[in-house]
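Hi everyone, thanks for coming. Please have a look at the model on the screen, and I'll talk you through a few side chains and a pair of strands.

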Amino acid sequence: MAGQDQRLRFYSPADGALLYELATEQPVLAAAFTGDSRRVVSGGEGGAVKLWKYASPAALRTLTGHGGEVYAAVLSPDGKQIASASADQTVRVWDVETKDVVFEATTPKGIAQRVSVHSKGHLAT
């Protein structure tokens, strides 16, 4: 669960118990588990996208470049790219290894708030 208090929290769906908590530098506005449930992608107020190993206190990757809050971030099914949507009116696709932006699109009307990746790699915003 994302948090404005600079914490990323994980709860048990069975009983609501807090399982784990990560401290972040900025308030978290988006979080999503990867398909294998071993990693989490997050985005927040600072414009950064982070890839975390579940229950590990240090981010595996930090991707910077958005000029506004990140409202959505997801990892591609093959684990090689992260897609993010931001208040800066862009959707970006990042290479996880190199941290390079491999695709960028400007949304035609306002803030990009959602992004998803199809199993074949297609991007939807």
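Let's begin with D5, which is partly exposed, at a relative accessible area of 41%. Keep in mind that this is a predicted model. Which residue does D5 meet in a salt bridge? That would be R9, with N and O 2.7 Å apart.

A search through the whole structure turns up nine salt bridges, and I'd like to show you two others. One is between E97 and R61, where the closest N and O atoms are 3.4 Å apart. E97 sits in the loop between β9 (90-95) and β10 (101-106), while R61 belongs to strand β6, so this contact ties together parts that are 36 residues apart in sequence. How do the two partners compare in accessibility? E97 counts as exposed, with 61% relative accessibility. R61, at 21%, counts as partly exposed; the cut-off for buried is under 20%, so R61 falls outside that class.

The other one I picked joins E104 and R92, at 3.6 Å from N to O. Here the link runs between distant parts of the chain, with E104 in strand β10 and R92 in strand β9, 12 residues apart. E104 is partly exposed at 43% relative accessibility, whereas R92 counts as buried at 10%. And to come back to our starting residue: D5, R7, R9 and E21 are joined into one network by salt bridges that share partners.

Now for the rings. How many aromatic pairs does the structure hold? There are five. Take F10 and Y20: their ring centres are 6.5 Å apart and their planes meet at 40°, so we call the pair tilted. F10 is part of strand β1 (residues 7-11) and Y20 is part of strand β2 (residues 18-23), so the pair ties together parts that are 10 residues apart in sequence. Is F10 buried or exposed? F10 counts as buried, at 6% relative accessibility. Y20, on the other hand, is partly exposed, with a relative accessible area of 23%.

Y20 has a second ring to talk to, namely Y54. The centres of Y20 and Y54 are 6.5 Å apart with planes at 55°, so that pair is tilted too. Why tilted, and not edge-to-face? Edge-to-face needs planes over 60 degrees apart, and the Y20 and Y54 planes are at 55°. Y20 is in strand β2 and Y54 is in the loop between β5 (49-53) and β6 (59-63), so this pair bridges parts of the chain 34 residues apart in sequence. Y54 is partly exposed as well, with a relative accessible area of 30%. Put F33 together with F10, Y20 and Y54, and you have one aromatic cluster.

Last stop, strand β7, which covers residues 70-75. β7 is mostly covered, as five of its six residues are buried. Which strand does β7 pair with? Its partner is β8 (residues 81-86), and the two run antiparallel, paired over five bridges. If you'd like a spot to find on the screen, look for V74, which stands opposite A83 in β8. Together β7 and β8 make a hairpin with five residues between them. In the turn you'll find G79, which has a positive phi of about 75°.

That's my tour. Thanks for listening, and I'm happy to go back to any of these spots on the screen.

Technical notes
Residues numbered from 1 in each chain as written. Predicted model: local features only at pLDDT ≥ 70, side-chain atom pairs only at ≥ 80, totals over all residues. Heavy atoms only, no water. Phe/Tyr/Trp six-rings, centres within 6.5 Å; stacked < 30°, edge-to-face > 60°. Helix = DSSP H or I, 4+ residues; strand = E, 2+ residues; numbered from the N terminus. Buried < 20%, exposed > 50% of the residue type's maximum accessible area, 1.4 Å probe, protein only. Salt bridge = Lys/Arg side-chain N within 4 Å of Asp/Glu carboxyl O. Pairing = 2+ DSSP bridges.
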